[in-house]
Amino acid sequence: MTDIALHFEPPFARIVLNRPERRNAISRAMWRALPAIRTAIEAREDILVVLVEGAGGHFSAGADISEFDAAYRDGAAARDYGDAVQDGLQALIDLDRPTIAVLRGNAVGGGLGLAMACDLRFCAADAYLAVTPAKLGLVYGHAETRRLVELVGPSRAKDLLFTGRRIETEEALAVGLIDRRVETALQDTALGYARGLADLSQASIRGAKRAVDAISAGMTFETTAYRSLAESAALGPDFAEGRAAFAEKRPPKFAFRGPTVPLKG
């Protein structure tokens, strides 16, 4: 669909929210498109890093409020809409490639939820963020709330949810809501970082993503699946190449492009 576009520019994919006339408000159809987008990206071995962006001057003003009368007309409709949002966010969270949200303008409500579903957030210095369900009488969904708590801790999460206030980028960086605050050349900065990731071992990067996500979700001891993930890397081609390159004093050429799956407790 045209409202959310997927561009392949190996070694990158770009997911672009493409409704600039509505500040990239996210419709139900856009949420529903994300699982298929995940599948399309994971089918491509040449795609190593994913950038999530908004067209025009903003990342996203949040969920498309014009749909709310229909989306919340009764219990069945509310459940269907909630499933669309949660399935879309989980697809992005579970994507096996590193994901970077590139934030300019505003990232508000559901838009910020989408950004938090990414692994990292690079933010223009003059952007602003807000978690706004209290201004609408809603409760933030599970995936969004969980990621918020993981990023900023429970007390700050309550403050941001209770108040719905505007969060400037200095505070967002200080509390861990964003990872980079970029004064100029936001796109070039994000692409430069992504190029660096593409040159490194994808076995290491994808394994690290699965490991960190599992520990954040409550894995408090090494499971059989975690041990298998670590052993697969140790016995795999990237580690052999890394050792050889180190001994030969040359840059490594890592070959791993295999899939990984989320670790379960």
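## Pockets and a cavity in a predicted model

The second largest pocket is lined by 19 residues, and those nearest its centre are Asp119, Leu120, Lys209, Val212 and Asp213. Please keep in mind that this is a predicted model.

Let's stay with this pocket for a moment. Its volume is about 370 Å³. Several elements each supply at least two lining residues: strands S4 (99-103) and S6 (120-124), together with helices H5 (142-152), H8 (186-199) and H9 (202-216). The largest share comes from H9, with 6 residues.

Next comes the largest pocket, with a volume of about 510 Å³. Its lining counts 27 residues, and Ala63, Phe68, Tyr72, Gly110 and Leu138 are the ones nearest the centre. Here H3 provides the largest share of the lining, 5 residues.

Finally, there is enclosed space to look at. The model has 1 cavity of 30 Å³ or more, and the largest cavity holds about 30 Å³ of space. Around this cavity sit Ile15, Leu34, Ile37, Arg38, Ile41, Ala91, Leu92 and Leu95. Helices H1 (28-42) and H3 (75-94) each supply at least two residues of that lining, and H1 gives the most, with 4 residues.

Here is how the linings divide by residue type:

| Lining | Nonpolar | Polar | Charged |
|---|---|---|---|
| Largest pocket | 16 residues | 7 residues | 4 residues |
| Second largest pocket | 11 residues | 2 residues | 6 residues |
| Largest cavity | 7 residues | no residues | 1 residue |

Conventions: Residues numbered from 1 in each chain as written. Predicted model: local features only at pLDDT ≥ 70, side-chain atom pairs only at ≥ 80, totals over all residues. Heavy atoms only, no water. 1 Å grid on protein atoms, 1.4 Å probe; cavity = no way out; pocket = protein on both sides within 12 Å on 5 of 7 lines; lining within 4 Å. Points joined across faces, edges and corners; volume = space filled by probe spheres on them. Nonpolar A, V, L, I, M, F, W, Y, C, P; charged D, E, K, R; others polar.
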